[in-house]
Structure formats: C-alpha cells, structure tokens
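Reader: Let us go through this model by question and answer. Please keep it brisk.

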Amino acid sequence: MTDTTTAVPAGAGAVGDLQHALRLIPKAPAKQSMRDFKSDQEVRWCPGCGDYAILAAVQGFMPELGLAKENIVFISGIGCSSRFPYYMNTYGMHSIHGRAPAIATGLATSRRDLSVWVVTGDGDALSIGGNHLIHALRRNVNLKILLFNNRIYGLTKGQYSPTSETGKITKSTPMGSLDTPFNPLSLALGAEASFVARTIDSDRKHLTETLRQAAAHEGTAIVEIYQNCNIFNDGAFEPLKDRATATEAIIPLEHGSPIRFGADLAKGVVRDRGTGDLAVVEVTPENEADILVHDARAESPTTAFALSRLADPATLHHTPVGVFRDVRRPVYDTLMSDQLDTAVEKQGKGDLSALLHGNDTWTVVG
C-alpha cells in the first residue's frame, strides 16, 4: 500500500484567521516545537495503526497555534482513539463513553481562555454519543472535534460500528450487518454544523492543512479522519490510499475551484438538471462550463450535503475529501457570555446562598 496526496484546501487557513479565532486565549511565552507537545507516556496502539500518523500530525501542528500548553485541552471518550489525551503534553481528560462533546461543551463555555479539542471514534461518537455530538454541532460551541472513522470497534475487538457497511461480517454480525451505516458528514450537516471536513490519516499534508482550517474556525469544527485499523478492518480505505486507484477515487474539494479530478482532471462534478442531484461526468468542451465550483462558504448546506452523499459507501468510489462547509454563525460561548453580562448589568451578581435557601426549601427535624 502506498500513500497519496490529495489537494490542499485553500482559503480559510490563513494565519490572520487563525489568530482571530484564538484571540481570547493567552499566547505561549516562547516559540514551541513538536517535541513540546509530546508527553512522557509510552504510545500504545497496535503497530501500524493509523492513530500514530494522526497523533504525529496533531503534535506537529500544535506549535502553529502559538498557545501556551496550559491553555490547550484534549477531551476523549472511550475507544482506541480516546487514548489521545495521554500522549499530548497539554491538559486533557479521558472521559466516559460518548460523553466527550458534553464535557467539552461545559469546559469551552465556562473557560473561553482555552482551546478545546475532542478526540472520538465512529463508535464512541455515533453510537452511545450520537445525541451529544449533534447537540454540540447545532449549538456551535467553540470546539474542534476529530472523529477517527475506521468503520469498526477496535478496542472491544472487532464488532461492527455505526459506520460499518451493510453486509459487513464481523464477530457480532457473522452473517453480515443489517444496519444502514451513518454517513458522519451528512449527519453533521443535517445538525447545522458550521465547519465540516474530511481527511485521511496517511496524508500528512492534507491532514495538517485541514487541522489548520478547523482551528481557524470560530465555532464547532468537525473533521472526519479516515483511519485504518490494520488488525480488525485492514484496508478499509485502500481505494483512497493506493496511488493506482486514488486518482480516480478521490474528489479533492478546494474552495473557489471547479470540482475536477482523475487523470488529467478528466472528470468533474455537475448538477443534474432533472433531479438536482450531483453526478460525476467526463469533462468535455460542451459540459465544461457546467462543472460545479466548490463554495465551502455557501450559506445553504444543500450542496455540501449532496457532496457528502456522492461516494458509494461500499466501494468509496468518488469520495470527496476536503472542507465541505465553512460558514460563520453565532458561537454559543459568546452568546452565553453576553447573556450573563446582560443579566449582571440589569440585576447585579446573583446570590448562590439565597438561591439555595430560598422560599422553596424546608428543614427536616428529628
């Protein structure tokens, strides 16, 4: 298997945007390097796991934030990916199954001086944690959510997950899964997520650029990372990683550019005039003007949603990779802070003791 490099998304990852998004967080006192973000803990994943590549990319990217390590927090749930906080030399919390978005929401809204990152997997985020995930997305809390998707339960030894393909044979589905899999990005877009992206564990350049754009976004940014589990689901994303097939399988999304791909960019994405759906066509002089120009900042999520549905879930043929949506909308943390400031201005600071001992209390006597 060989790696391939997908096109790097353009636009929102500018240094100015990143610094604007982080303006409330104290800066690091000195220049930092990747080594500063490596903890003293032994990294313990299976040899060859895609998590190693993601960890290295995140550790290598963190110095770009220019933030003190004490003002960065990684929160995880349960699963192989959820060991992540141990390996980051920042604050962190290995929490409970599926609840990382809820815990991170409380932290981000109460401590706006922190950069809060959630690390989760397809099982953790989309099974028991599904409700927490969609509410964090719709609220637009200032969180960065990294969703490692390997289409399998790795930590518990190979059961099918909410993203496993229909018909998937696993230890818990010996005759094949009957479930229709979740499409994480379709789910996120349906929950009104303001930043939605997809990248691949083995493509360091694209992964780092996607992290950069997610960090620059104000509000919730969710990044689905296709991650290989070489023990229980090896080769799940082989069509996107092998150079022999990746050119025809991957559709790079670059804001402001026509959506073209394949050898010599011979294929493109158009909108079917009859159904309104998106379709892949061979580019010709007659249809070249119809090739869709990617607009990640379109107010409506309609086209981003259609792009998220383009890939065949079984073969991964025609899989869009990059930033699907990056729009500005009110951030929950800011709105809540403004409400609290207004309440204090109008009513003064609250009295917690008076609240706890108000009229609706009673005393139990022996």
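Reader: What accessible surface does the chain have, and what share of it belongs to carbon and sulfur atoms?
Author: This is a predicted model. The accessible surface of the chain comes to about 17,400 Å². The share that belongs to carbon and sulfur atoms is 54%.

Reader: What percentage of the residues count as buried?
Author: Buried here means under 20% relative accessible area. The chain has 366 residues. Of these, the buried share is 49%.

Reader: Which radius of gyration does the chain have, against that of a compact globule?
Author: The C-alpha atoms fill a box of roughly 80 × 45 × 45 Å along the principal axes. With 366 residues, a compact globule would have a radius of gyration near 21 Å. The chain agrees with that, at 22 Å.

Reader: How many helices and strands are there, and what share of the contacts joins residues 24 or more positions apart?
Author: The chain has 13 helices and 11 strands. For contacts, take those with a separation of 6 or more. Residues 24 or more positions apart account for 70%.

Reader: What does helix α2 span from its first C-alpha to its last?
Author: Helix α2 covers residues 51-65, which makes 15 residues. At 1.5 Å a residue, 21 Å is expected. The helix comes close to that, reaching 21 Å.

Reader: Which residue follows α2, and what is the sign of its phi?
Author: The buried residues of α2 include Ile54, Leu55, Val58, Met62 and Leu65. Past the helix, phi is near 70° and positive. The residue there is glycine 66.

Reader: How many aromatic pairs are there, and what geometry has the pair of phenylalanine 61 and tryptophan 117?
Author: A search of the whole structure finds 8 aromatic pairs. In the pair of phenylalanine 61 and tryptophan 117, the ring centres are 6.4 Å apart. The planes stand at 65°, and over 60 counts as edge-to-face. So the pair is edge-to-face.

Reader: How many residues apart in sequence are the parts that this pair ties together?
Author: Phenylalanine 61 lies in helix α2. Tryptophan 117 lies in strand β3, residues 115-121. So the pair ties together parts whose separation in sequence is 56 residues.

Reader: Are phenylalanine 61 and tryptophan 117 buried or exposed?
Author: The cut-off for buried is under 20%. Phenylalanine 61 has 1% relative accessibility, so it counts as buried. Tryptophan 117 also has 1% relative accessibility, and therefore counts as buried.

Reader: What are the centre distance and plane angle for phenylalanine 74 and phenylalanine 84?
Author: These two rings form a tilted aromatic pair. Phenylalanine 74 is in strand β1 and phenylalanine 84 in helix α3. Both residues are buried. The values are 5.8 Å centre to centre and 35° between the planes.

Reader: Which strands stand at the edges of the open sheet that holds β9?
Author: The sheet has 3 strands in the order β8-β9-β10, with antiparallel pairing. Two of the strands have a single partner each, so one side of each is left without a neighbour in the sheet. These edge strands are β8 and β10.

Reader: Which residues of β10 are the bridge partners of lysine 267 and valine 270?
Author: Strand β9 is joined to strand β10 by 5 bridges. Between the strands of this hairpin lie 6 residues, and glycine 276 takes a positive phi near 85°. For lysine 267 the partner is glutamate 282. For valine 270 the partner is alanine 279.

Methods. Residues numbered from 1 in each chain as written. Predicted model: local features only at pLDDT ≥ 70, side-chain atom pairs only at ≥ 80, totals over all residues. Heavy atoms only, no water. Pairing = 2+ DSSP bridges. Helix = DSSP H or I, 4+ residues; strand = E, 2+ residues; numbered from the N terminus. Expected span 1.5 Å × (residues − 1). Buried < 20%, exposed > 50% of the residue type's maximum accessible area, 1.4 Å probe, protein only. Rg over C-alpha atoms; globule rule 2.2 N^0.38 Å. Contact = heavy atoms within 4.5 Å. Areas by Shrake-Rupley, 256 points an atom, 1.4 Å probe, with all protein chains shown as cover. Phe/Tyr/Trp six-rings, centres within 6.5 Å; stacked < 30°, edge-to-face > 60°.
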